[in-house]
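Please open the model in your viewer and keep the sequence panel beside it. The stops below are meant to be selected one after another.

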Amino acid sequence: MVKIGNRPASSAPALPYWTKGDTNAFFGLGINVLVNVIVLSSLCLFVVNIPKDDVFGTILPALGIAMLLGNLFYAYLGRRLAAKEGRDDVTAMPYGPSVPHMFIVVFVIMLPIYLKTKNPVEAWQAGLAWAFIIGIIVVIGAFVGPMIRKYAPRAAMLGTLAGISIAFISMRPAAQMWDAAWIALPVFGLLLVGLLTDLKLPWNLPIGAVALALGTAIGWIGGFMDTPAVSEAAKDIAVSLPTFHFDKLFHGLSDISPLLATAIPLGVYNFTEGMSNVESAASAGDNYNLRPILLADGFGAILGSALGSPFPPAVYIGHPGWKAAGGRTGYSLATGVVIAVLCFLGLFGLLNAVLPLPAIVPILLYIGLLIGAQAFQASPKAHGAAVIAAIIPNIASWAAGQIDNTVTTAVGVASKMNPAVTLNVTDADLEGNSVLLHGLHLLGDGAVLAGLVLGSIVAFIIDKRFISAAIASAAGAVLAFVGLIHAEKVEWDAGGGQVALGYLFLTLVCVAWALTRPEPRVPDAEEIALEREHGIPSQTRRGAPEEVPPAVDATHPPAADPAPGTSAGTPAGASATGPKPAASAPAGAGTV
């Protein structure tokens, strides 16, 4: 069987450096990264109280050079893949500062040290050491990740990604949109029309730029924005180039042990999410080599920490969305260049004052819709329950965080109103009101790995591959016992071992069913077509002779091996870059 796109490179059309779709994707990804950099700079300034000169003169320039080099490398990988497969529709992987790590390094690492020492520089140094450790773990993951990706069910990997997307990428932007719906909903509607249908704006104007301009105009005309804030922000503009700060990094590494409890699981989170993102890109038609993707993530964090940034970068969720928008490789490189220039010039404060947030965040909700849909579209229908199982731990993690923040805020407000009153909210108090915070924390801690384990177990059981299910469950027992999943911190016998014991008992159940030697589930015709479309072997038939079930033979005879230059499942005469969508199909609907 010849995989999609295996035409001789000599007959391949040249991949252009810029397309009209790159304009849409650039505004989408660029705005996404822009928002994240604005948020992390605000966290440094107003939560950890790092001096403004250090934020705009050191941290942002360090982040900027990491963004420039990372996006340049991903654009190179995209062009190399296009040349290798003889295609002109390859989309580069998106790249930016990791959003979960952004909040964790501030609130879990830097803020406690600042509150204890009242020294923001010392807190910053601990953040640099933490980011450095994250980078080392991701580099190690580059060598073990491909093996995990090879055997993990697609439903588990994409379901985990969908959980992250729904909980951490979509919910906050959605809430921010409805806070100013009169600005955000017209922008959101314009994005949906332009990116999920085949309709175009007059003169083929880029939908992302027009949507942002529309929201900005509504915000300013409606009085949502503040003119004096623009003048104040303009005073922060200054040229700052990145320089190495080894002294701060080494000082932070001098007390490394407290950092490992969060750095180890979050480093594992980084390369696990990277694996899911690469699988997501493969589902959309771009099958990247996982190792260089993860190496770029790891070395980006290492370099950034040496230059003064405590914010590890990462390959982003959203490749299918930017591919549906028409992005190729130019959007990635342009994003890196523009974000780097903005960081070097200290322009983020000014942009924050000029662009209304409700006009920016709808693009994040759009990405959440695409990733959530892809988890079901690119997985076998039979694995729908496995997708949901992989989503649930991320939802639990998000809900637990919301409850924690609510309780902490309420206690703080009550203490300010009456310092003589000491409030103590216990798990029993919450459970008495049907708020199961302790259970949500157990389920949601280490959510990415937990989702991968749980989704794999469910998928393997659905396929009646009970030995594989037992192996996945045993892996869950080990991970839970050392605290990488379902525990607040990494330690031996985490949480008293009760979760690990549960996984162990589940392993025994799976082994008992394996002893009955049931026949594995037979994939249906649609599932076989899905496998052929993406050039992946069937996991339900792996290790067994390739057979077409009788039902498939009767109604959907298998296609003959294609001639060179075509792919399995591609009709004769169709382009080797993939089947062309039907005329009635919206432009963005055929993402996967």
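The tour goes from the whole chain to single residues and then to two helix pairs.

Before selecting anything, note that this is a predicted model, in which local features need pLDDT of at least 70 and side-chain atom pairs count only at pLDDT 80 or more, while totals for chains, interfaces and linings use all residues. Residues are numbered from 1 along each chain as its sequence is written, and side-chain values use heavy atoms, with hydrogens and water left out.

**The whole chain**

Colour by secondary structure, and the protein shows 24 helices and two strands, where helices (H or I, at least four residues) and strands (E, at least two) are DSSP runs numbered from the N terminus. Of the 592 residues, 53% count as buried, with buried meaning under 20% relative accessible area, exposed over 50% and partly exposed in between, for a 1.4 Å probe and protein chains only. Among the contacts with a separation of 6 or more, 84% join residues 24 or more positions apart, a contact being heavy atoms within 4.5 Å.

**Single residues**

Select serine 41 in helix H1 (residues 20-46); this residue is buried at 6% relative accessible area and, leaving aside neighbours within four places in sequence, is in contact with Val55 and Leu60.

Move next to cysteine 44, which has a relative accessible area of 0% and is therefore buried, and then to cysteine 343, which is likewise buried at 0%. A search of the whole structure finds zero disulfides, a disulfide being a pair of cysteine sulfur atoms within 2.5 Å.

Serine 98 is found in the loop between strand S1 (95-97) and helix H3 (99-117). With a relative accessible area of 3%, serine 98 is buried, and its contacts, leaving aside neighbours within four places in sequence, are Asn270, Pro312, Pro313 and Ala314.

Now select glycine 159 in helix H5 (residues 154-179), which counts as buried because its relative accessibility is 0%. Not counting residues up to four places away in sequence, glycine 159 touches Arg154, Ala375, Val387, Ala390 and Ile391. Add alanine 386 to the selection: the two residues are 227 residues apart in sequence, yet 7.5 Å apart in space, C-alpha to C-alpha.

**H17 against H20**

Two packed helices are described by the angle between their axes and the distance between the axes. Here axes are lines fitted to C-alpha atoms, for helices over the stretch in contact, and angles run from 0 to 180 degrees between N-to-C directions.

Show helix H17 (residues 384-417) with H20: their axes are 7 Å apart and the helices pack at an angle of about 160 degrees. That makes H17 roughly antiparallel to H20, as angles over 145 degrees count as roughly antiparallel, under 35 as roughly parallel, 65 to 115 as roughly perpendicular and the rest as oblique. The residues of this contact divide into 12 nonpolar, four polar and no charged, with Ala, Val, Leu, Ile, Met, Phe, Trp, Tyr, Cys and Pro counted as nonpolar, Asp, Glu, Lys and Arg as charged, and the others, Gly among them, as polar.

**H20 against H21**

Finally, keep helix H20 (residues 447-462) and add helix H21 (residues 466-481), whose axes come within 8 Å and cross at roughly 160 degrees. H20 and H21 are therefore roughly antiparallel to each other. The contact is made by Val453, Ser456, Ile457, Phe460 and Ile461 of H20 and by Phe466, Ser468, Ala469, Ala472, Ser473, Gly476 and Leu479 of H21.
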